[in-house]
Amino acid sequence: MTKSSKVQQQANQPIRMEESPDPPFVETYKNLFDTISNNEKLDSNKYNDLFLVNECELPLINLHRLNYGDKFEREECKKKIAKASREWGFFQVVNHGISPDILGKMRREQVSLFKKPFHEKTNNDKNLNFSEGTYRWGTPTATCLRQISWSEAFHVPLSDVSCSKGLSSLSSTMEQFATTLSELAQQLARLLAEELGHNESNYFKETCLPSTCYLRMNRYPPCPISPQLLGLVPHTDSDFLTILHQDEIGGLQLFRDGKWISVKPNPKALIINVGDLFQAWSNGVYRSVEHRVVTNKVKERFSTAFLLCPSYDTEILSRVEPFVYRKFTFREFRQQVQEDVKKFGYKVGLPRFIVSSH
């Protein structure tokens with residue numbers, strides 16, 4: 001049986017939505033799946049980039065030296081973090097001070113939440129006192145298979161975390177997790193600013209408040225035609241920094257030196273990546289790198305991310321001239337991203353804000 005036949009067979013089978021935890025991907029995108037004919041080979045040249053991928057280990061940094069080492073060890077650690085942010089845009093940290101108990105409990109609570117029937121999750125915004133639109137899945141603007149993100153997520157403002165009353169165990173765990181990762185994100189942002197020579201130790205504390213940052217819980221269900229469909233389409237993050245805790249399944253890939261590289265999972269480490277705002281604020285010194293998540297045919301994948309974001313009115317402008325990017329507010333950036341996704345089906349991002357050479 002061909003891959004397209006399997007998808008069609010799945011589409012023709014009745015699904016009891018009150019029991020299934022998975023979003024109705026096949027039913028929702030049936031018209032797109034129908035475009036796959038038996039004569040079309042999904043592993044043709046246009047999909048080669050999904051298969052020709054090398055595995056790598058991100059730069060690994062021991063934060064124990066940053067927090068408890070002598071002066072030389074602390075400076076060396078800072079240099080490694082800044083170098084990784086310049087050259088990779090990604091790095092991973094161990095001995096980060098986040099309790100394994102918190103990470104383990106967060107994962108268990110997250111799995112339990114996502115295992116709920118789909119129709120319950122779509123109503124959980126209200127049950128958990130989350131803001132409208134917190135629960136997301138798929139890609140509403142998708143016009144072709146390559147634009148579909150085969151995943152679901154709870155994208156929760158931190159202000160909602162402390163207010164959620166529906167599931168006390170989940171909400172208290174989320175609050176612990178978010179508080180500890182927020183402190184780490186603030187520490188790393190200050191460090192990266194100092195390595196640029198900026199003595200603005202309070203900048204991120206004043207602009208990135210609990211009310212403006214986010215916690216995102218992700219689930220990537222098994223995909224019947226993996227890896228041709230992506231769990232998360234290629235993108236850069238629209239924030240200053242993202243801190244990610246992923247499981248052992250793997251699937252995260254980043255674009256480096258003209259090719260996709262698969263990140264070897266390390267459940268004991270946290271992954272840090274630079275976002276668009278830091279690239280603009282650093283005048284292009286730190287890199288916001290395109291990344292994606294590939295699907296797995298039989299295994300589901302979980303990850304949890306903390307997003308260090310400023311208030312919408314925060315102005316993003318480098319302290320160094322000549323400016324690579326013009327001044328813009330976070331609100332303006334988000335609106336431009338949303339307009340581009342609606343119009344083109346993908347995010348354009350920072351290229352929209354490059355200073356004209358004319």
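Which exposed residues does the face of α13 turned away from its buried side carry? Let me start with that helix, and say at the outset that what we are looking at is a predicted model.

The answer is Lys342 and Lys343, the exposed residues on the face of α13 that is turned away from the buried side. Helix α13 runs over residues 330-344, and at 1.5 Å a residue its 15 residues should span 21 Å, which agrees with the 21 Å that separates its end C-alpha atoms. On the other side of the picture, the buried residues of this helix are Phe330, Phe333, Val337 and Asp340. Seen down the axis of α13, these buried residues fall within an arc of 95 degrees, and so they line one face of the helix. As for what covers them, the list includes α12, residues 276-281, and β15, residues 328-329. After the helix comes Gly345, and the phi of that glycine is positive, near 90 degrees.

Let me turn now to helix packing, and to helix α10, residues 168-195, beginning with its partner α6. Two packed helices are described by the angle between their axes and the distance between the axes. For α6, which covers residues 100-114, the axis comes within 9 Å of the axis of α10, and the two cross at roughly 135 degrees. With that angle, α6 counts as oblique to α10, and the crossing in which α6 passes α10 is left-handed. From α6, the residues that take part in the contact are Ile102, Leu103, Lys105, Met106, Glu109 and Leu113, and they meet Ser169, Leu170, Thr173, Met174, Gln176, Phe177 and Thr180 in α10.

Helix α5 also packs against α10, and here the axes come within 10 Å and cross at roughly 85 degrees. Because angles of 65 to 115 degrees count as roughly perpendicular, α5 is described as roughly perpendicular to α10. On the α5 side the contact is made by Lys78, Lys79, Ile81, Ala82 and Ser85, while α10 contributes Leu188, Leu191, Leu192, Glu194 and Glu195.

One last residue, in the loop that leads into α5. Is Gly69, which sits in the loop between α4 (63-68) and α5 (71-87), buried or exposed? Its relative accessibility is 10%, and since buried means under 20%, Gly69 counts as buried. If we leave out residues up to four places away in sequence, Gly69 touches His64 and Arg74.

Key:
Residues are numbered from 1 along each chain as its sequence is written. This is a predicted model: local features need pLDDT of at least 70, side-chain atom pairs count only at pLDDT 80 or more; totals for chains, interfaces and linings use all residues. Side-chain values use heavy atoms; hydrogens and water are left out. Helices (H or I, at least four residues) and strands (E, at least two) are DSSP runs, numbered from the N terminus. The expected span of a helix is 1.5 Å times one less than its number of residues. Buried means under 20% relative accessible area, exposed over 50%, partly exposed in between (1.4 Å probe, protein chains only). The arc is that of the directions from the helix axis to the C-beta atoms. Contact means heavy atoms within 4.5 Å. Axes are lines fitted to C-alpha atoms, for helices over the stretch in contact, and angles run from 0 to 180 degrees between N-to-C directions. Angles under 35 degrees count as roughly parallel, over 145 as roughly antiparallel, 65 to 115 as roughly perpendicular and the rest as oblique. A crossing is left-handed if the near helix is turned anticlockwise from the far one by less than a right angle, and right-handed if clockwise.
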